[in-house]
Amino acid sequence: MAIRSVISALQEQFPGVDFRPGPLLPGRSNELRQICLHLPSDRLIEIMTFLRENEMTRFEQLSDLTCVDYLRYPGAANRFAVVYSLLSISLGHRLWIKCLVDDPAPTLPSVTGIWPGADWLEREVYDLFGISFTGHPDLRRLMTWEGFTAHPLRKDYPLRGQGERQNYEVFPRDVS
Amino acid sequence: MEVGNQTPMNARAAARRSVEALVSGEWVTTRLEAVSNLIRRYGVNWCRKYSLWPLPFATACCGIELMATGASRYDVARFGAEVMRFSPRQSDLLICAGRVAIKMMPVLQRIYAQMCEPKWVISMGACASTGGVFDTYAVVQGIDHFMPVDVYVPGCPPRPETLIEGIMAIQRIVDREGIRNSQDRQGGYRMTVSASGKDQPRGDRSRQAGE
């Protein structure tokens with residue numbers, strides 16, 4: 001099975017790293033073979049570059065990059081997990097990577113150097129979760145408007161906002 | 001006036017006298033005003049109310065109903081409003097159909113500002129009028145917080161009949177008042193279209209954009 005060879009290749013290349021391979025959805029049966037690995041953030045770029053370049057893995061595509069807020073999640077040790085969803089087009093397998101980060105000032109290295117498509121995905125995660133990616137070429141907000149200061153998809157952000165929608169200019173009637 | 005000696009100079013003097021009579025309020029002038037009002041009411045305003053050119057600002061499912069209203073089954077062409085213009089310079093009725101995000105609001109305001117007078121605004125559906133179920137940080141809780149609205153069309157989304165009733169409410173405004181520009185209307189009329197066919201005036205809504 002292809003994904004097993006990926007994991008064995010990783011463990012062979014990086015013997016000191018505990019990848020904690022497991023199913024993507026904990027507690028579910030792994031019939032879909034959706035394997036999730038955990039990476040330490042200080043070796044993220046190194047291992048991701050290996051995953052893209054190596055003959056056995058060849059993850060050419062970063063199909064998604066998103067984030068999970070584990071605030072008040074039972075049994076969670078870290079606040080955030082940035083989730084990388086990888087796809088190998090040539091070998092036909094998928095892999096999910098989780099990278100745990102913590103408050104305050106959660107920071108990860110940017111993977112835009114490996115997959116250029118990560119540009120807007122990282123901007124989105126920065127906007128909505130407040131995780132800053134070092135080495136990103138243009139880390140601006142993507143979804144919310146200029147002047148927005150909060151990170152609305154964090155679990156401690158109130159649904160109706162913190163006054164952002166009230167503090168907005170009324171259009172004067174006589175300008176026409 | 002001397003009838004026999006109609007030089008151009010005398011004709012000009014006669015015209016000036018009739019203008020003075022117009023100002024002083026003699027019977028000739030009242031007849032003239034009545035005639036001109038008649039023409040304005042049943043001529044110009046009648047033409048104007050049957051040639052509304054809408055600008056569809058459709059951002060959500062209300063836009064689908066708006067398209068259905070324009071299509072053959074409901075056929076808004078029966079009311080002369082079938083010329084959907086996607087340029088604000090060429091349209092005089094803004095139909096805001098759907099929720100508007102706060103990031104989108106400056107765009108809508110600029111489109112409204114680009115429309116030429118006279119111009120009217122329909123706020124179509126629950127989301128455009130009040131924010132609807134989207135009571136979140138990112139959604140405008142009623143576009144009337146930020147721009148004038150003349151007619152609210154209720155519904156989620158409104159059926160095409162309701163939207164047609166809203167367009168007919170605009171037609172009643174045009175018929176009654178002609179081209180009062182948007183400054184005179186002071187923030188829009190804020191009428192709600194109801195099933196009874198009577199437009200219900202809406203109370204002045206002080207700006208509490210949050211709640």
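**Exercise 1.** Leaving aside neighbours within four places in sequence, which residues is A:Gln61 in contact with? Work it out in this predicted model, then place A:Gln61 in its element and describe its exposure.

*Solution.*
- Step 1: Set aside the neighbours within four places in sequence; A:Gln61 is then in contact with A:Leu87 and A:Ile89.
- Step 2: Take the pair with A:Leu87. A:Gln61 and A:Leu87 are 26 residues apart in sequence, yet their C-alpha atoms are 5.2 Å apart in space.
- Step 3: Find the element. A:Gln61 belongs to strand 3 of chain A, which covers residues 61-69.
- Step 4: Count neighbours. A:Gln61 has 15 other C-beta atoms within 10 Å, so A:Gln61 is partly exposed.

**Exercise 2.** Now step back and describe chain A as a whole.

*Solution.*
- Step 1: List the elements. Chain A has 3 helices and 7 strands, and from the N terminus on they run α-β-β-α-β-β-β-β-α-β.
- Step 2: Look at the extent. The C-alpha trace of chain A spans about 70 × 35 × 30 Å along its principal axes.
- Step 3: Check burial. Of the 176 residues in chain A, 23% are buried.
- Step 4: Check the contacts. Among those between residues at least 6 apart in sequence, 50% join residues at least 24 apart.

**Exercise 3.** Over to chain B: which residues are buried in helix 4 (residues 105-114), and why do they lie on the same side of the helix?

*Solution.*
- Step 1: Pick out the buried residues of helix 4 of chain B: B:Met105, B:Leu108 and B:Tyr112.
- Step 2: Look at their directions. They cover an arc of only 60° around the axis, which puts them on the same side of helix 4 of chain B.
- Step 3: Recall the general geometry. An α-helix has 3.6 residues a turn, so residues three or four places apart point the same way.
- Step 4: Turn to the face directed away from the buried side; there you will find the exposed residues B:Val107 and B:Arg110.
- Step 5: Ask what lies over the buried side. The cover includes strand 1 (54-58) and strand 2 (93-97) of chain B.

**Exercise 4.** Explore the largest nonpolar core, starting from its best-connected members.

*Solution.*
- Step 1: This core has 44 residues, and those touching the most other members include B:Leu93, B:Ile95 and B:Met124.
- Step 2: Helix 6 of chain B gives the largest share of this core, 7 residues.
- Step 3: Zoom in on B:Ile95. Not counting residues up to four places away in sequence, B:Ile95 touches several residues, including B:Pro54, B:Phe57, B:Leu66 and B:Met124.
- Step 4: Apart from this core lies another, of 28 residues, among them A:Ile35, A:Leu86, A:Leu95 and A:Leu128.

Notes: Residues are numbered from 1 along each chain as its sequence is written. Chains are lettered from A and ligands numbered from 1 in the order in which they are written. This is a predicted model: local features need pLDDT of at least 70, side-chain atom pairs count only at pLDDT 80 or more; totals for chains, interfaces and linings use all residues. Helices (H or I, at least four residues) and strands (E, at least two) are DSSP runs, numbered from the N terminus. A residue is buried if 20 or more other C-beta atoms lie within 10 Å of its own, exposed if 12 or fewer, and partly exposed in between; C-beta atoms are placed from the backbone. Two residues are in contact if their C-beta atoms, placed from the backbone, lie within 7 Å. The arc is that of the directions from the helix axis to the C-beta atoms. A nonpolar core is a set of buried Ala, Val, Leu, Ile, Met, Phe, Trp, Tyr and Cys residues joined through C-beta atoms within 7 Å.
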